Amino acid sequence: MIGRINHIAIVVPDLDGAAAHWRDMLGAAVSAPKTIAEHGVRVAFVRSANGQVELMEPYGENSPIAGFLKRHPDGGMHHICYEVSSIDDARVHLEAKGARVLGDGKVKTGAHGNPVLFLHPKDFNGTLIELEQIAAGGAN
Ligand code: CO
């Protein structure tokens, strides 16, 4: 069912500092930071040939990653995002198998404008899994 890894998301306490660190230490190409206010995050992407790391910093009062940063003040891995061709097929399959979709169980529009859902970490060895629908030939 799952396709490529689209991104691995890491929460950081200081996005600009982290972006510079990954660029300078690892020689990585890092995108300019951007604010996604409606998702409560500022993000920058560390590009590589076969996927990307998304560095995320909380933004605003009710950021969904503020609690994570409190528990992990130095930052840490937050989720893995796999691409799927049909988010609705994936949801039906997973719910039939007993996996828990976070929130109200409905598909949302993710930070990249594509349909996404998140699966409960307790169902996947302590790891939050994001599924993102990528239109055929439309990988971003
Ligand atoms: Co993500």
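Here are some numbered notes on this structure, which is a predicted model.

1. Let's start with the metal. The cobalt ion is held by three residues: His-7 and His-79, each through NE2, and Glu-130 through OE, at 2.0 to 2.1 Å. Written as a sequence pattern, the donors are spaced H-x71-H-x50-E. His-7 sits in strand β1 (residues 5-11) and Glu-130 in strand β9 (residues 128-133), so this pair links parts of the chain that are 123 residues apart in sequence. Both His-7 and Glu-130 are buried.

2. Now look at β1 itself, the strand that carries His-7. This strand is mostly covered, with 5 of its 7 residues buried. Which strands does β1 pair with? With strand β6 (residues 76-84) it pairs in the antiparallel sense, over 6 bridges. With β5 it runs parallel, and 5 bridges join the two. Ala-9 is a handy residue to click on here: its bridge partner in β6 is His-79, and its bridge partner in β5 is Glu-54. His-79 should ring a bell, as it is one of the cobalt donors.

3. Next, the nonpolar core. The largest one has 11 residues in all: Ile-10, Val-12, Leu-15, Ala-18, Ala-19, Ala-28, Val-30, Ala-44, Val-46, Val-53 and Leu-55. Three elements give two or more residues each to this core, namely α1 (15-26), β4 (41-48) and β5. The largest share, 3 residues, comes from α1.

4. Leu-15 is a good member of that core to zoom in on. Setting aside residues up to four places away in sequence, Leu-15 touches Pro-33, Arg-42, Val-43, Ala-44, Leu-55, Met-56 and Glu-57. Two of those contacts, Ala-44 and Leu-55, are listed in the core too.

5. Glu-57 deserves a point of its own. Is this residue, in strand β5, buried or exposed? Glu-57 has a relative accessible area of 13%, so it counts as buried, the cut-off for that being under 20%. Its contacts, not counting residues up to four places away in sequence, are Val-12, Pro-13, Asp-14, Leu-15, Gly-40, Val-41, Arg-42 and Ile-65. Among them, Val-12 and Leu-15 belong to the nonpolar core.

6. On to charged pairs. As a bit of background, side chains of opposite charge can pair when their charged atoms come close. The count here comes to 7 salt bridges. One of them joins Arg-4 and Glu-83, at 3.2 Å from N to O. Arg-4 lies in the segment before β1 and Glu-83 in strand β6, so the pair ties together parts that are 79 residues apart in sequence. The two ends differ in how covered they are: Arg-4 is partly exposed at 45% relative accessible area, whereas Glu-83 is buried at 8%.

7. Another salt bridge stays within a single helix. Arg-91 and Glu-95 meet at 3.3 Å, N to O. Both lie in helix α3 (residues 87-96), 4 residues apart, which is about one turn of the helix. Each is partly exposed, with Arg-91 at 23% relative accessibility and Glu-95 at 35%.

8. A further salt bridge connects two loops. The side chains of Asp-123 and Arg-100 meet at 2.9 Å, N to O. Asp-123 is in the loop between β8 and β9, and Arg-100 is in the loop between α3 and β7 (108-109), so parts 23 residues apart in sequence are tied together. Asp-123 is partly exposed, at 26%, and so is Arg-100, at 41%. Salt bridges that share partners also join Asp-16, Arg-42 and Glu-57 into one network.

9. One backbone angle is worth a look. Most residues other than glycine have a negative phi. What is phi for Asn-125? Its value is near 55 degrees, so a positive one in a residue that isn't glycine. Asn-125 is in the loop between β8 (115-119) and β9, and it counts as exposed at 80% relative accessibility.

10. Last stop: Pro-64, in the loop between β5 (51-58) and α2 (66-71). At 60% relative accessible area, Pro-64 is exposed. Leaving aside neighbours within four places in sequence, Pro-64 is in contact with His-39 and Gly-40. Pro-64 and His-39 are 25 residues apart in sequence, and their C-alpha atoms are 7.6 Å apart in space.

How values were computed:
Residues numbered from 1 in each chain as written. Predicted model: local features only at pLDDT ≥ 70, side-chain atom pairs only at ≥ 80, totals over all residues. Heavy atoms only, no water. Buried < 20%, exposed > 50% of the residue type's maximum accessible area, 1.4 Å probe, protein only. Contact = heavy atoms within 4.5 Å. Donors = N, O, S within 2.8 Å, 3.2 Å for Na, K, Ca; no water. Core = buried A, V, L, I, M, F, W, Y, C linked by side-chain atoms within 4.5 Å. Pairing = 2+ DSSP bridges. Salt bridge = Lys/Arg side-chain N within 4 Å of Asp/Glu carboxyl O.
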